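Colleague: Please take a close look at a single pocket of this model and tell me what lines it. I would then like to follow the lining outwards into the elements it belongs to, with other spaces for context.

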Amino acid sequence: MAEPLVEIKDLHVEFEVRDGIIKGVDGFTLTINRGETLGVIGESGCGKSITAKAVMQMVPKPGKITDGEIIYYRRDKYNPQKPTRIVNITKLDPDGDEIRSIRGGEFAMIFQEPMSSLTPVYTTGTHIGEALSLHRLLPKTVGEHMAEQMMQYRPVTKQEAREISIEMLQKVGIPKPHERVDAYPHQLSGGQRQRVMIAIALSCQPFMLIADEPTTALDVSIEAQILDLMRELQESMEMSIMFITHNLGVVAEMAKEIVVMYMGKQVEKSDTVRVFYEPKHPYTRALLQSIPKVGKRSSERLASIKGMVPDPFHLPKGCVFHPRCPSFMPGKCDVLTPNWIEAEPDHWVRCLLYEGV
């Protein structure tokens, strides 16, 4: 049986700005199980990153969580014998001690923008070492016959933090890690900065990794190396991964389950095979049709989704996708709001085409 790690229940995130209220996330419900990879796909501006930041209690101002719950089934990383505690992340102070102990050590996030996510006055070794000193512990003694419940841990020393930093830089494919550990962000390329961010996130061996476009600045060979490293940690630590990406090829390879988002709502959710081979929602079909096909003649135009993502201040009535939908039903899709229904066993969709199925 799958064991839940995080449960998101009817999450609402809103941004109150001068022109009105923007619904960044509008009623998102999801369960992330231990040791599994969840893929989150959709166009830019559909709420993927805001959902991830809400899980980390890092929604930027003026945004705030207005409704819903994020339940974390917290397990002591260094004492597995302790019972699991239920923590409501939405009730925690974003700057409080408990969420700061979770964020970075048990939940880690690879941010989307590598150029602005590193502090320019600190070296790569300082960035990784800070995370290690705050969240990583090492055994005081190592003995083959020591009972697991008797194992004692201690903080990482500066020398150990440097050695682990060099090891992580090597694992993420940075050349000459012994030299790069003392390099500043401006001395690194965009792809190298991306890999430093990945090293920071993975260095503390988190229970859940939120990867927001983690491989956009990487070439194909390094991308494959990073994905292999994520799988390795996932198997050894039962780590969960929330993989946010526009690369449908990567999500097909990595994810067990896929959620499709549009304008802050989830419009389809099922296992990866079903989403790719039996998509229900017209938006999901349009996303899949836009993938370039190997062997197609170069004179043929790539398929695209007509229209643009709507203005968040003036969302269409009824189904928000209906102005762009090839299956639009006048008098129905522009009037009625579709419900989140189970069209088939374990295949959920938000579309009026399946109402009454």
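**The second largest pocket and its setting**

Modeller: In this predicted model, strand E2 provides the largest share of the lining of the second largest pocket, namely five residues. Strand E3 (37-41) and strand E12 (265-271) join E2 as elements that each supply at least two residues of that lining. The space itself amounts to about 410 Å³, and of the 16 residues around it, Thr 31, Asn 33, Glu 36, Glu 257 and Lys 269 are the closest to its centre. Sorted by class, the lining holds five nonpolar, five polar and six charged residues.

To place E2 (20-33), one can turn to the open sheet that contains it: E2 is one of its edge strands, the other being E5 (85-88), and each of them pairs on one side only. The sheet has four strands in the order E2-E1-E4-E5, with antiparallel pairing, and its neighbouring strands are turned against each other by 10 degrees on average, direction ignored. The partner of E2 is E1 (residues 4-17), which runs antiparallel to E2 and is joined to it by eleven bridges; along this pairing, Glu 14 stands opposite Lys 23 in E2. Helix H1 (residues 48-55) lies across E1, E2 and strand E4 (63-74), and its direction makes an angle of about 115 degrees with E1.

For context, the largest pocket holds about 1100 Å³ of space, and 33 residues line it, with Arg 100, Arg 103, Gly 104, Gly 105 and His 135 closest to its centre. Helix H2 (97-102), strand E6 (107-110), helix H3 (124-135) and helix H6 (190-203) each supply at least two residues of its lining, and H3 gives the most, with five. By class, that lining divides into 16 nonpolar, seven polar and ten charged residues.

The enclosed space is a separate matter, and here the count comes to one cavity of 30 Å³ or more, with a volume of about 70 Å³ for the largest. Its lining divides into nine nonpolar, two polar and no charged residues, and includes Cys 319, Phe 321 and Cys 325. Of the six aromatic pairs found in the whole structure, one is formed by Tyr 262 and Phe 321, edge-to-face, with 5.2 Å centre to centre and 85 degrees between the planes. Because Tyr 262 lies in strand E11 (residues 257-262) and Phe 321 in the loop between helix H10 (282-289) and strand E13 (341-344), this pair ties together parts that are 59 residues apart in sequence.

Conventions: Residues numbered from 1 in each chain as written. Predicted model: local features only at pLDDT ≥ 70, side-chain atom pairs only at ≥ 80, totals over all residues. Heavy atoms only, no water. Pairing = 2+ DSSP bridges. Axes fitted to C-alpha atoms, helices over the stretch in contact; angles between N-to-C directions. Contact = heavy atoms within 4.5 Å. 1 Å grid on protein atoms, 1.4 Å probe; cavity = no way out; pocket = protein on both sides within 12 Å on 5 of 7 lines; lining within 4 Å. Points joined across faces, edges and corners; volume = space filled by probe spheres on them. Nonpolar A, V, L, I, M, F, W, Y, C, P; charged D, E, K, R; others polar. Phe/Tyr/Trp six-rings, centres within 6.5 Å; stacked < 30°, edge-to-face > 60°.
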